[in-house]
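Reader: I am new to this structure and would be grateful for a close look at a single part of it, set in the context of the whole.

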Amino acid sequence: MSILRATYVQGVIEERLSTAAKIRGSLSTNVVSAYDFRQLQSNLLSYVSALKSLLITVPRDSLGDNYLLLYRRISGLEPLVLRATDVPQLLKYIDLADDVFVDIINSLFKAGIITEPSASTLVGGKG
């Protein structure tokens, strides 16, 4: 039963990693109007939510103390994105979210939850 559960968890984590990578790939920083700003803000919130959803899927004990640090970093981005008033702020928050995404991938890799082939396909998909 334990092997089945571990396989299921790994499958869900890899699916959520892929989803976060796809959302990140669709973020367009070409903002020329207020509508584009709101669209970028909305898409960035979706990206942050996807990262949070991914992290919640990971068994806490597998990442140790790193789990809480990553969770706080990604959760702290939501209010910042909502309060953003200009494009440079959103671009900064995209960079911060990307940093968290990379740290999540590295943590999952170090914990043995994902393998090098799955991580390398994410990097290719992240663009």
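To begin with the whole, what does the accessible surface of the protein come to, and what percentage of it belongs to carbon and sulfur atoms? After that, please examine helix H2 closely.

Author: The model is a predicted one. The accessible surface of the protein comes to about 7,400 Å², and carbon and sulfur atoms account for 56% of that area. Six helices and zero strands make up the list of elements, and 36% of the 127 residues count as buried.

Helix H2 covers residues 34-57, 24 residues in total. From its first C-alpha to its last it reaches 35 Å, close to the 34 Å expected at 1.5 Å a residue. Its buried residues include Phe 37, Leu 40, Gln 41, Leu 44, Tyr 47, Val 48, Leu 51 and Leu 55. An α-helix has 3.6 residues a turn, so residues three or four places apart point the same way.

Leu 44 merits particular attention. This residue belongs to the largest nonpolar core, a set of 34 residues, and is listed with Ile 13, Leu 17, Phe 101 and Leu 108 as having the most contacts inside that core. Helices H1 (2-26), H2, H4 (65-83) and H5 (87-110) each supply at least two of the core's residues. Neighbours within four places in sequence aside, Leu 44 is in contact with Leu 27, Val 81, Leu 90, Tyr 93 and Ile 94.

As to confidence, the protein averages a pLDDT of 85, and 87% of the residues score at least 70. Among the elements, H4 has the highest mean pLDDT, 94, whereas helix H6 (residues 116-126) has the lowest, 54. Where pLDDT is low, the predicted coordinates should not be read in detail.

Notes. Residues numbered from 1 in each chain as written. Predicted model: local features only at pLDDT ≥ 70, side-chain atom pairs only at ≥ 80, totals over all residues. Heavy atoms only, no water. Helix = DSSP H or I, 4+ residues; strand = E, 2+ residues; numbered from the N terminus. Expected span 1.5 Å × (residues − 1). Buried < 20%, exposed > 50% of the residue type's maximum accessible area, 1.4 Å probe, protein only. Core = buried A, V, L, I, M, F, W, Y, C linked by side-chain atoms within 4.5 Å. Contact = heavy atoms within 4.5 Å. pLDDT = per-residue confidence, 0-100. Areas by Shrake-Rupley, 256 points an atom, 1.4 Å probe, with all protein chains shown as cover.
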